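Please open the model in a viewer and keep the sequence panel beside it. The tour below proceeds by selections, from the whole chain to single residues.

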Amino acid sequence: MSFIAMNRFKIRPGREADFENIWKERESRLKELKGFREFRLLKGPATEEHCLYSSHVIWDSRTDFEAWTKSQQFRDAHKNAGKREGESPILGHPQFEGFETVLFEA
């Protein structure tokens, strides 16, 4: 049916706009890939320690997602990850979660 690839990010308090701008200013090449359906950046709950975000990408299949991770577009999209000046808005590494769709309603 489809595959959903998600990365959870913990963002330093007060750095939410910086993190969102990283995504807004990136060169997204997802539309160039077979099987890409939709991308969303989701903002979740905030605590004193961090604000939770998730990148949420829907693919036609796990195979299409895996092809993305091996593509030049993926390498280009991630080439500057962790190379920004100053303290990163991101606390630690993102946590990946991948899900196979087993039931869908629209």
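A residue is called buried when its relative accessible area is under 20%, exposed when that value is over 50%, and partly exposed in between. The model on display is a predicted one.

**Whole chain**

Begin with the entire protein in cartoon representation. Three helices and four strands are present, and from the N terminus they follow the order β-α-β-β-α-α-β. Along its principal axes, the C-alpha trace extends over about 40 × 30 × 20 Å.

Next, display the surface. About 7,400 Å² is exposed, and carbon and sulfur atoms supply 51% of that area. Of the 106 residues, 30% are buried. If the charged side chains are then coloured by sign, 18 positive and 18 negative charges appear, and the mean positions of the two sets are 3 Å apart. Among contacts with a sequence separation of 6 or more, 72% join residues that are 24 or more positions apart.

**The largest nonpolar core**

Select Phe3, Ala5, Leu30, Leu33, Phe36, Val57, Trp59, Phe65 and Trp68 and show their side chains. These nine residues form the largest nonpolar core of the protein. Strand S1 (3–11), strand S3 (51–59) and helix H2 (62–69) each give two or more residues to this core. Apart from it lies another core of six residues, which include Phe9, Phe19, Cys51 and Tyr53.

Return to the larger core and centre the view on Leu30. Which residues does Leu30 touch, not counting those up to four places away in sequence? They are Phe36, Phe39, Trp59 and Trp68.

**Helix H2: Phe65 and Ala67**

Move to Phe65, another of the nine core residues, which is found in helix H2. Is Phe65 buried or exposed? Its relative accessibility is 13%, so Phe65 counts as buried. Beyond residues up to four places away in sequence, Phe65 touches Phe3, Ala5, Trp59 and Phe96. A distance drawn between the C-alpha atoms of Phe65 and Ala5 reads 7.6 Å, although 60 residues separate them along the chain.

In helix H2, select Ala67 as well. Ala67 is partly exposed because its relative accessible area is 41%, a value that falls between the limits of 20% and 50%. The C-alpha atoms of Ala67 and Ile90 are 23 residues apart along the chain and are separated by 26 Å.

**Strands S3 and S2: Ser54 and Leu42**

Select Ser54, which lies in strand S3. With a relative accessible area of 9%, Ser54 is buried. How far is the side chain of Ser54 from the backbone oxygen of Asn7? The side chain reaches that oxygen at 3.5 Å. With neighbours within four places in sequence left aside, the contacts of Ser54 are Met6, Asn7, Arg8, Arg40, Leu41 and Leu42.

From Ser54, step across to Leu42, one of these contacts. Leu42 has its place in strand S2 (residues 36–46). Its relative accessibility of 34% is the reason why Leu42 counts as partly exposed. Residues up to four places away again being left out, Leu42 touches Leu52, Tyr53, Ser54 and His56. Of these, Tyr53 also belongs to the six-residue core. For a longer view, draw a line from the C-alpha atom of Leu42 to that of Ala106: the two atoms are separated by 20 Å, and the residues lie 64 positions apart along the chain.

**After strand S4: Thr101**

The last selection is Thr101, in the segment that follows strand S4 (90–100). Why does Thr101 count as buried? Its relative accessible area is 18%, and the limit for a buried residue is under 20%; therefore Thr101 is classed as buried. Show the side chains of Thr101 and Ser2 together: they make a polar contact at 2.5 Å. Outside the range of four places in sequence, Thr101 touches Met1, Ser2 and Phe3. Phe3 leads the tour back to the largest nonpolar core, of which it is a member, and to Phe65, which Phe3 also touches.

Notes. Residues numbered from 1 in each chain as written. Predicted model: local features only at pLDDT ≥ 70, side-chain atom pairs only at ≥ 80, totals over all residues. Heavy atoms only, no water. Buried < 20%, exposed > 50% of the residue type's maximum accessible area, 1.4 Å probe, protein only. Contact = heavy atoms within 4.5 Å. Areas by Shrake-Rupley, 256 points an atom, 1.4 Å probe, with all protein chains shown as cover. Lys, Arg positive; Asp, Glu negative; His and termini not counted. Charge placed at Lys NZ, Arg CZ, Asp CG, Glu CD. Core = buried A, V, L, I, M, F, W, Y, C linked by side-chain atoms within 4.5 Å. Polar contact = N/O pair within 3.5 Å; in protein donor to acceptor, adjacent residues only side chain to side chain.
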